[in-house]
2 protein chains.
Amino acid sequence: MKIAIVGAGALGLYYGALLQRAGEDVHFLLRRDFEAIVRNGLKVFSTDGDFVLPHVKGYRTPDEIGAADLVLVGLKTFANDRYEELIRPLVGAETRILTLQNGLGNEEALAALFGPERVIGGVAFLCSNRGEPGEVHHLGAGRITLGEFLPRDREWTEALAALFVRAGVECRATGDLKRARWEKLVWNIPFNGLCALLQQPVNLLLARDASRTLVREIMHEVIAAANAQGLTVPIAPAYADSMLEFTDRMGEYKPSMQIDREEGRPLEIWAIFRTPLAYGSQRGIAMPRVEMLATLLEQSAG
Amino acid sequence: MKIAIVGAGALGLYYGALLQRAGEDVHFLLRRDFEAIVRNGLKVFSTDGDFVLPHVKGYRTPDEIGAADLVLVGLKTFANDRYEELIRPLVGAETRILTLQNGLGNEEALAALFGPERVIGGVAFLCSNRGEPGEVHHLGAGRITLGEFLPRDREWTEALAALFVRAGVECRATGDLKRARWEKLVWNIPFNGLCALLQQPVNLLLARDASRTLVREIMHEVIAAANAQGLTVPIAPAYADSMLEFTDRMGEYKPSMQIDREEGRPLEIWAIFRTPLAYGSQRGIAMPRVEMLATLLEQSAG
């Protein structure tokens with residue numbers, strides 16, 4: 001399958017590398033890492049075992065890649081205004097577009113530009129960071145839940161899940177993409193937000209009763225908003241506790257938004273905070289702590 | 001009147017200087033500023049006009065001062081565990097103790113140690129900062145509301161208010177000290193908390209709709225908790241708006257807690273946040289934003 005990777009940060013490089021290793025024809029749209037990857041290939045340092053891809057197809061523009069069977073979008077959501085420019089040249093008659101981006105609103109924006117029938121959403125639980133140019137670090141996890149934006153061709157989505165599984169990724173297809181997105185927000189909203197605001201990794205937040213309680217309360221606000229969206233099966237309040245325990249095992253992990261802030265990049269506040277808040281508000285769900293966290297992040301970003 | 005100043009930071013130095021200029025017999029318990037003040041006196045740079053006190057009675061220990069008619073306490077509340085050591089030597093049979101400290105719980109702690117009949121609370125709205133040793137900067141405001149901890153000798157308190165007025169301080173006595181304390185918290189909780197957390201002066205918080213709304217919401221939580229405490233007259237919700245407008249006129253003002261954090265001092269979280277939260281909680285008032293702000297401050301203080 002001809003696969004184009006758009007947004008080759010830690011997530012795009014990692015999944016692209018796994019897909020290429022599994023024999024897929026992967027084309028990376030690169031910026032920072034172009035020189036290093038075209039010259040020396042891509043090194044993956046992974047808790048599942050390191051590996052090197054000595055020959056990687058890297059490009060500076062999407063026109064050089066042309067129409068692909070699958071476009072995998074790993075852009076930071078604050079770059080979504082570049083969808084048209086970066087993705088249009090990759091779209092042919094049969095092209096599917098898979099967004100593995102954070103938060104809400106990405107499938108909708110892609111559907112509006114390229115047609116809803118092409119769009120698949122994927123929710124990735126991945127701990128990864130970029131290293132030196134040409135390197136990517138996989139620190140743990142990596143499972144993906146895939147779902148069609150318009151339930152229409154479940155077989156294709158199941159086949160895509162099987163392709164990820166062959167590449168070594170724990171992957172399944174769901175009929176309720178919305179639920180999978182909100183489940184991830186239950187983690188993303190408190191941890192990305194608080195770690196970025198306080199510039200502290202997850203273990204420091206979990207170490208004290210007061211801040212651990214705050215994380216749980218924020219999770220419960222997100223679960224309440226999620227369950228007002230008409231999910232097939234509601235998210236149980238106990239999901240918050242299982243996420244806290246899951247995160248206890250992550251050690252000194254820094255969520256992506258904390259790293260974005262450390263490195264002076266914009267924060268994904270719109271996709272991870274403001275859009276979920278708007279969906280909650282439409283259904284009359286009060287989210288005072290999430291609202292306060294979003295406001296503090298915007299204010300601290302200056 | 002023999003007056004001892006304990007906690008001669010910006011507030012203690014400023015009011016002590018005004019009282020001495022008005023002819024009172026003021027004794028300053030000093031630490032950082034001892035050498036400078038004993039050698040060169042005290043310089044007051046004030047929006048009401050600068051002045052110098054060339055001769056100031058400064059001491060290193062309270063025993064050198066001995067029993068006073070009035071002890072004016074301006075300590076940071078995180079130093080309240082030093083009440084016994086610093087104040088006991090100043091207390092004679094007729095001594096009154098006036099605390100101008102921030103937050104809740106100070107009168108109670110002084111009453112427990114020295115007897116409730118001696119204790120007067122004062123709520124000061126003062127914009128002041130310390131400068132070089134031997135200098136204090138008065139940036140604006142300065143009014144004090146005085147109230148007895150146990151309503152018992154209103155005449156004495158009225159006389160003390162008159163003494164402050166003679167010294168140039170806008171001062172009045174109230175029969176409802178509790179209300180005056182909570183009124184100040186309506187300002188202190190959002191502005192001290194948010195400015196310290198974000199390291200931004202008040203004008204930046206007021207400049208954006210989202211953060212201005214957050215300040216107002218926090219004020220409304222404090223007003224709800226205040227009005228559950230059995231005040232003689234409830235605090236109107238519109239008080240929040242008048243405090244916002246009052247603060248608009250303060251420009252780039254940094255609240256004391258922001259300066260404490262900049263200078264690496266402990267924060268007055270117990271008196272300004274945790275004690276009011278406990279009083280609110282006892283009356284069943286939910287204060288999610290105040291609770292979150294306290295938790296974020298504790299967490300950011302490490």
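Biologist: How many salt bridges does a search of the whole structure find over all chains?
Modeller: The search finds 42 over all chains, a salt bridge being a side-chain nitrogen of Lys or Arg within 4 Å of a carboxyl oxygen of Asp or Glu. This is a predicted model, in which local features need pLDDT of at least 70 and side-chain atom pairs count only at pLDDT 80 or more, while totals for chains, interfaces and linings use all residues; side-chain values use heavy atoms, without hydrogens and water. Residues are numbered from 1 along each chain as its sequence is written, and chains are lettered from A and ligands numbered from 1 in the order in which they are written.

Biologist: What makes A:Arg154 and A:Glu158 a salt bridge?
Modeller: Their side chains come to 3.0 Å, N to O, which lies within the 4 Å limit, so the pair qualifies. Side chains of opposite charge can pair when their charged atoms come close.

Biologist: Why are A:Arg154 and A:Glu158 described as separated by about one helical turn?
Modeller: The description applies because the two are four residues apart in helix 5 (residues 154-166) of chain A. A helix here is a DSSP run of H or I with at least four residues, a strand is a run of E with at least two, and both are numbered from the N terminus.

Biologist: Why is A:Arg154 called partly exposed?
Modeller: Its relative accessibility is 37%. Buried means under 20% relative accessible area and exposed over 50%, with partly exposed in between (1.4 Å probe, protein chains only), so 37% falls in the middle class. A:Glu158 also has a relative accessible area of 37% and is therefore partly exposed.

Biologist: What makes B:Glu35 and B:Arg39 a salt bridge?
Modeller: The N to O distance is 3.6 Å, so the criterion of 4 Å is met. Both residues lie in helix 2 (residues 34-40) of chain B, four residues apart, about one turn of the helix. B:Glu35, at 45%, is partly exposed, whereas B:Arg39, at 59%, counts as exposed.

Biologist: Which parts of the chain does the pair of B:Asp248 and B:Arg212 link?
Modeller: These side chains meet in a salt bridge at 2.9 Å, N to O. The pair links distant parts of the chain, with B:Asp248 in helix 10 (residues 238-248) and B:Arg212 in helix 9 (residues 209-227) of chain B, 36 residues apart. B:Asp248 is partly exposed at 39% relative accessibility. In chain A, salt bridges that share partners join A:Lys76, A:Asp260, A:Glu263 and A:Arg265 into one network.

Biologist: How many salt bridges are counted between chain B and chain A?
Modeller: The count is zero. Nevertheless, 21 residues of chain B are in contact with 21 residues of chain A, contact meaning heavy atoms within 4.5 Å. The buried area, namely the accessible area (1.4 Å probe) that two parts lose on being put together, summed over both, is about 1,900 Å², of which carbon and sulfur atoms give 66%. On the chain B side, B:Arg208, B:Met292 and B:Gln299 lose the most area to chain A, together 36% of what that side buries.

Biologist: At what angle do helix 7 and helix 13 of chain B pack?
Modeller: Helix 7 (residues 177-198) and helix 13 (residues 288-301) of chain B pack at about 35 degrees, with axes 10 Å apart. Axes are lines fitted to C-alpha atoms, for helices over the stretch in contact, and angles run from 0 to 180 degrees between N-to-C directions. Among the residues making the contact are B:Ile189 and B:Leu194 of helix 7 and B:Leu293 and B:Leu297 of helix 13 of chain B. The contact residues divide into nine nonpolar, two polar and no charged; Ala, Val, Leu, Ile, Met, Phe, Trp, Tyr, Cys and Pro count as nonpolar, Asp, Glu, Lys and Arg as charged, and the others, Gly among them, as polar.

Biologist: How do you know whether B:Leu18 is buried or exposed?
Modeller: Its relative accessibility is 4%, so B:Leu18 counts as buried. B:Leu18 belongs to helix 1 (residues 10-21) of chain B and, leaving aside neighbours within four places in sequence, is in contact with B:Phe51, B:Ala167 and B:Val169.

Biologist: What is notable about the phi of B:Ala141?
Modeller: B:Ala141 has a positive phi of about 55 degrees although it is not a glycine. B:Ala141 lies in strand 9 of chain B and is partly exposed at 45% relative accessibility.
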